[in-house]
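Please walk me through this protein for a first look. Where are its cysteines placed, and how is the chain built?

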Amino acid sequence: MNLYAVDKLISQARHLAADYRRATGKSLPISGEIAIHDACNLLGLEACDTSSAGYDAIGRGEREGRHIQIKGRAIFNEARGGQRIGQLKRDQPWDSVLLVLMNADFETEEIYEAQRDAIIDALEDAGSSSRKKRGAMSVSRFKRIADLVWCLGEGETRAEIWDNQANMP
């Protein structure tokens, strides 16, 4: 299957997932696949097959050779807090995690990247909770320790240009 066919299928999947959510109020478990597709296309990564342990893509360019986990989250109501990202595989070999944030139409709006050390430190700071044990983290916490690396309308960004801590006390 060529790239055009995959792009077309992902586009159809976005529409189907959004329509299903509007009709039923439930989400189809497809945001992860859309996130991997978008992150690889937008940031020039090479997707791995599903048998790769612990990571979803290998970096090219400025991320050359880095093993990257990719997590996706569709945000349907920004006023409602407490959204979580999928389990972070702490015991697997990876260098960073990309969090792809999508709107209610499953269109990518932002991509954040956090390095392994920052993630492990944040999980350790969580204390002895069950969330820590299973590698769970909130979207807001992830954004605090990550850099915005891509946003809709501007494309790829550089960490030295955008500072997510600028207005933090």
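**Cysteines, fold and one helix**

There are 0 disulfides in this structure, which is a predicted model. A disulfide is a covalent bond that joins the sulfur atoms of two cysteines. To count as one here, a pair of cysteine sulfur atoms must lie within 2.5 Å. The sulfur of C40 has its closest cysteine sulfur in C48, at 7.9 Å, and therefore the two are too far apart for a bond. Seen from the other side, C48 is likewise in no disulfide, with the sulfur of C40 as its nearest cysteine sulfur.

The surroundings of these two cysteines can be described as well. C40 counts as buried because its relative accessibility is 9%, under the cut-off of 20%. C48, with a relative accessible area of 23%, is partly exposed.

Next comes the chain as a whole. Its secondary structure consists of 5 helices and 9 strands. Followed along the sequence, these elements give the pattern α-α-β-β-β-β-β-β-α-α-β-α-β-β. The protein chain has 169 residues, and 38% of them are buried. Among the contacts with a separation of 6 or more, 56% are between residues 24 or more positions apart. The accessible surface of the chain is about 9700 Å², and carbon and sulfur atoms hold 48% of that surface.

One residue in a loop deserves a separate look. F106 lies between β5, which spans 96-102, and β6, which spans 108-115. What is the phi of F106, which is not a glycine? The phi is positive, at about 60°. F106 is also buried, with a relative accessible area of 2%.

The last stop is helix α3, made up of residues 116-125. Which residues of α3 are buried? They are I119, A122 and L123. These three cover an arc of only 100° around the axis, so they sit on the same side of α3. The spacing along the sequence fits a general rule: an α-helix has 3.6 residues a turn, so residues three or four places apart point the same way. Which exposed residues does the face of α3 turned away from the buried side carry? That face carries D117 and D125. Helix α3 thus has I119, A122 and L123 as buried residues, while the exposed D117 and D125 are on the face turned away from them.

How values were computed
Residues are numbered from 1 along each chain as its sequence is written. This is a predicted model: local features need pLDDT of at least 70, side-chain atom pairs count only at pLDDT 80 or more; totals for chains, interfaces and linings use all residues. Side-chain values use heavy atoms; hydrogens and water are left out. Buried means under 20% relative accessible area, exposed over 50%, partly exposed in between (1.4 Å probe, protein chains only). Helices (H or I, at least four residues) and strands (E, at least two) are DSSP runs, numbered from the N terminus. Contact means heavy atoms within 4.5 Å. Accessible areas come from the Shrake-Rupley method with a 1.4 Å probe; for residues, only the protein chains shown count as cover. The arc is that of the directions from the helix axis to the C-beta atoms.
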